[in-house]
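Let's take a walk through this structure together, one step at a time. Have the 3D view ready, and turn it around as we go.

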There are 2 protein chains.
Amino acid sequence: MATAYNRKKQPELVRRTLLDCAAKLALEQGLAAVTVQAVSHAAGVTKGALFHHFPSKQALVEGVVADLIAQLDADIDAAMAKDPRPYGRYTRAYVDITLHDPMITEGGQWAALHISILAEPTLRRMVSDWFAERLHRHRDTDGDADLEFVRLAADGAWIAYLVREKPTDPVPELGALRARLIAMTLAEPKPASGGDRG
Amino acid sequence: MATAYNRKKQPELVRRTLLDCAAKLALEQGLAAVTVQAVSHAAGVTKGALFHHFPSKQALVEGVVADLIAQLDADIDAAMAKDPRPYGRYTRAYVDITLHDPMITEGGQWAALHISILAEPTLRRMVSDWFAERLHRHRDTDGDADLEFVRLAADGAWIAYLVREKPTDPVPELGALRARLIAMTLAEPKPASGGDRG
DNA sequence: TGAAAGATACCGTTGGGTAGGTATCTTTGA
DNA sequence: TCAAAGATACCTACCCAACGGTATCTTTCA
């Protein structure tokens, strides 16, 4: 039985593998499937190893969420860097990333994971904090009510696609919707935004 | 110790109480807090009684969700009945109900419960089916892409308010947002809807 | 050689669920 | 009319698997 006992010790790698496996489990079978034994088994180590790297299960799953947020954060930064127009830059990046095709299409898994996170109060707080920080950082260029409206619609979009019946069909309207939302962010900023449209 | 043992038998009432307690627990402490012992204890009966009324925990929680959907369904019907205008009638009702103040404001609990439901695959399916049926029923008056857009934004709205930091503050923009969405449903139907706005 | 990495074996609790009892209600037949 | 008989409602006591977590031992590596 050549377990991870004999092979070369690679603590960093094992730690990463544990996080990845936890994320994968949550992605494919829901947060309830993320048990310490399942994660450690999937990572090819034992519970003892897991508890060596993470003081508790909570710490593990928070690590997963932190990773996810960091990834999203980096993606948004990358998208913003390519955008020359200041007004609505953050909102465009947000829409572009969250409505990116693989993000939604892959069996709705990303959305399912996101939902699972929001369902857990402590994890929701992490997302909430990140969200607030990001919004506050871009309040000058993206504080407009019109832009908030666009972000709201984007959020509604991925949740709507999660609630579709067959999560594997191609989502043809997604591109059109994204284009429409992006277009709305390109409008000139209004002096005062109210409910006077229509 | 006069439990519900000697007391007059009230099966319907006990069944209802079990459902209500389960809903309340989920509302206040999340779906994870909905255990058979917690629910039965809250209802003032024992596990045995619960399993007499429901063949499994799954059946219980599905009953809760079915109740919730029925309630939502009825609310939407009531709102639609007061609306003389055919075009966008369902969408207006949907926006009106889902963005109704107590629905969102009460500690974000309703939203939290909804999220918990969506996080569970089987429960999500129930919502999904209801959603699809309702949408198909109103496809003539509410099949427009503009109206779908409005409903998307409404979904995004309640999820956004869930992700706020302090879930108890008054949500002042809610009324304005709802008014704006309603206004969008009053626009004349376009011959062809694309991404040509802005 | 000693600290870090990992394995093994165990613990207490709690989860959903079952078995079989007792109490109350409803039906029925003389 | 009313009591036996059967059905329904509800409880007590248990099962057992899985959970998160700990203590301790072995292996590897610097």
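Start with what chain A is built from: its secondary structure amounts to eleven helices and zero strands. Read from the N terminus, the order is simply α-α-α-α-α-α-α-α-α-α-α. Keep in mind that what you're looking at is a predicted model.

How much of chain A is tucked away inside? Of its 198 residues, 35% count as buried. You can also ask how far apart in sequence the touching residues are. Take the contacts in chain A between residues at least 6 apart in sequence: 68% of these join residues at least 24 apart.

Now for the confidence in the prediction. Chain A has a mean pLDDT of 86, with 84% of its residues reaching 70 or more. One stretch to handle with care is residues 193–198 of chain A, where the pLDDT is below 50. Beyond near neighbours in sequence, that stretch still has 14 contacts in the model. As a rule, predicted coordinates shouldn't be read in detail where pLDDT is low.

Next, let's split the chain up. The domain assignment divides chain A into domain 1, covering 9–54, and domain 2, covering 62–185. Computed between nothing but their C-alpha centres, the two domains of chain A are 27 Å apart. Where they meet, nine residues of domain 1 of chain A are in contact with seven residues of domain 2 of chain A. What sort of residues does domain 1 of chain A bring to that meeting point? On the side that touches domain 2, there are seven nonpolar residues, one polar and one charged.

Part of this chain also carries a label from a database. An unreviewed UniProt entry annotates residues 35–54 of chain A as "DNA-binding region". In the model, this span is 70% helix and 0% strand, and its end C-alpha atoms lie 13 Å apart.

Time to bring in the second chain. A turn of 180° and a shift of 0.1 Å along the axis lay chain B on chain A, with an RMSD of 0.1 Å. The two copies are therefore related as by a two-fold rotation axis. Both copies use the same surface, too: 100% of the contact residues of chain B recur in chain A.

So what goes into that contact? It takes 34 residues from chain B and 35 residues from chain A. On the chain B side, α7 (109–119), α8 (121–137), α10 (145–162) and α11 (173–185) each supply at least two residues. Which of the helices gives the most? That's α10(B), with ten residues. Sorted by type, the residues of chain B's side come to 22 nonpolar, six polar and six charged.

Let's finish with two close-ups in chain B. Helix α5 of chain B, residues 89–98, is mostly covered, as nine of its ten residues are buried. Among them are R89(B), Y90(B), R92(B) and D96(B).

For the other close-up, find A132(B), which sits in helix α8 of chain B. Why does A132(B) count as partly exposed? Because it has 13 C-beta neighbours inside 10 Å, and a residue is called exposed at 12 or fewer and buried at 20 or more. Lastly, look from A132(B) to A119(B): they are 13 residues apart along the chain, and their C-alpha atoms are separated by 18 Å.

How values were computed. Residues numbered from 1 in each chain as written. Chains lettered and ligands numbered in written order. Predicted model: local features only at pLDDT ≥ 70, side-chain atom pairs only at ≥ 80, totals over all residues. Domains from an automatic or database assignment. Contact = placed C-beta atoms within 7 Å. Nonpolar A, V, L, I, M, F, W, Y, C, P; charged D, E, K, R; others polar. Least-squares fit on C-alpha atoms with pLDDT ≥ 70 in both. UniProt positions renumbered as here; feature names shortened; annotations may be inferred. Helix = DSSP H or I, 4+ residues; strand = E, 2+ residues; numbered from the N terminus. pLDDT = per-residue confidence, 0-100.
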